[in-house]
Amino acid sequence: MTDFEDLLSPDGIVYGMAVVTKADLMRTLAAKAGLLSGVDADIIVDRLNEREALGTTGFGGGIAIPHGRLPDIDRAFGVFMRLAESIDYQSVDDMPVDCVFALFSPVDDGASHLRALARISRQFRDRAFVAKLRGARSPDALFALLAHREEADAA
């Protein structure tokens, strides 16, 4: 199991959020990322939408990994959302999305950004891991699973 504690903080976990559209999701992710980073949420939405215009970041199985590079940050960080209800995301498998791991990296951090994306996508291909995330009943349980902490067994 991969440990995402280097990318996530407990404040970066959103549990049971109700969003209706992909655009709502992007705005919600941007607002949370803005609080965590100090970067204006409008800039973050623009970066997410620019990347999404290249092709969907919904890679299947109800999972999306939107990502972007941001100015004025010095390290990569993430936001994980477990949605209250699945939404249409135009994923590669046309399935709705309910688990979203958004990755944000510094503008000049190309290689590390790609390594982090690969690490995230590998872990989220593990169906048993994703089932545990879907079974978690609190932000703390989600963070424990994502940070690979011992208390994840209690989730």
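Visitor: Is Met81 buried or exposed?
Guide: This is a predicted model, and Met81 sits in strand 5. A residue counts as buried when its relative accessible area is under 20%. The relative accessibility of Met81 is 0%, so Met81 is buried.

Visitor: Which residues is Met81 in contact with, leaving aside its neighbours within four places in sequence?
Guide: Contact here means heavy atoms within 4.5 Å. With those neighbours set aside, the residues that Met81 contacts are Val14, Met17, Leu25, Thr28, Leu29, Asp98, Cys99 and Val100.

Visitor: What distance separates the C-alpha atoms of Met81 and Ala102?
Guide: Along the chain, Met81 and Ala102 are 21 residues apart. In space, their C-alpha atoms are separated by 8.3 Å.

Visitor: How far apart are the end C-alpha atoms of helix 1?
Guide: Helix 1 covers residues 22-37, which makes 16 residues. At 1.5 Å a residue, the helix should span 22 Å. The model agrees with this, since the end C-alpha atoms are apart by 22 Å.

Visitor: Where around helix 1 do its buried residues lie?
Guide: The buried residues of helix 1 are Lys22, Leu25, Met26, Leu29, Ala30, Ala33 and Gly34. Around the axis they cover an arc of only 165°, so they lie on the same side of helix 1.

Visitor: Which elements do the buried residues of helix 1 pack against?
Guide: Two of these buried residues, Leu25 and Leu29, are among the contacts of Met81, and Met81 belongs to strand 5. The full list for the buried residues of helix 1 is helix 2 (41-54), strand 5 (77-87) and strand 6 (97-106).

Visitor: Which residues lie nearest the centre of the largest pocket?
Guide: The largest pocket has a volume of about 170 Å³. Its lining is made of 13 residues, and those nearest the centre are Leu36, Ser37, Ile73, Arg75 and Phe77.

Visitor: Which elements give two or more residues to the lining of the largest pocket?
Guide: The lining divides into five nonpolar, three polar and five charged residues. The elements that supply two or more of the lining residues are helix 1 and strand 5.

Visitor: Is Ala116 buried or exposed?
Guide: Ala116 is found in helix 3 (residues 110-124). Not counting residues up to four places away in sequence, Ala116 touches Leu7 and Leu103. The cut-off for burial is under 20%. The relative accessible area of Ala116 is 6%, so Ala116 is buried.

Technical notes
Residues are numbered from 1 along each chain as its sequence is written. This is a predicted model: local features need pLDDT of at least 70, side-chain atom pairs count only at pLDDT 80 or more; totals for chains, interfaces and linings use all residues. Side-chain values use heavy atoms; hydrogens and water are left out. Helices (H or I, at least four residues) and strands (E, at least two) are DSSP runs, numbered from the N terminus. The expected span of a helix is 1.5 Å times one less than its number of residues. Buried means under 20% relative accessible area, exposed over 50%, partly exposed in between (1.4 Å probe, protein chains only). The arc is that of the directions from the helix axis to the C-beta atoms. On a 1 Å grid over the protein atoms alone, a cavity is a set of points where a 1.4 Å probe fits but cannot get out, and a pocket is an open set with protein on both sides within 12 Å along at least five of seven lines; lining residues have an atom within 4 Å of a point. Grid points are joined across faces, edges and corners, and a volume is the space filled by probe spheres set on the points. Ala, Val, Leu, Ile, Met, Phe, Trp, Tyr, Cys and Pro count as nonpolar, Asp, Glu, Lys and Arg as charged, and the others, Gly among them, as polar.
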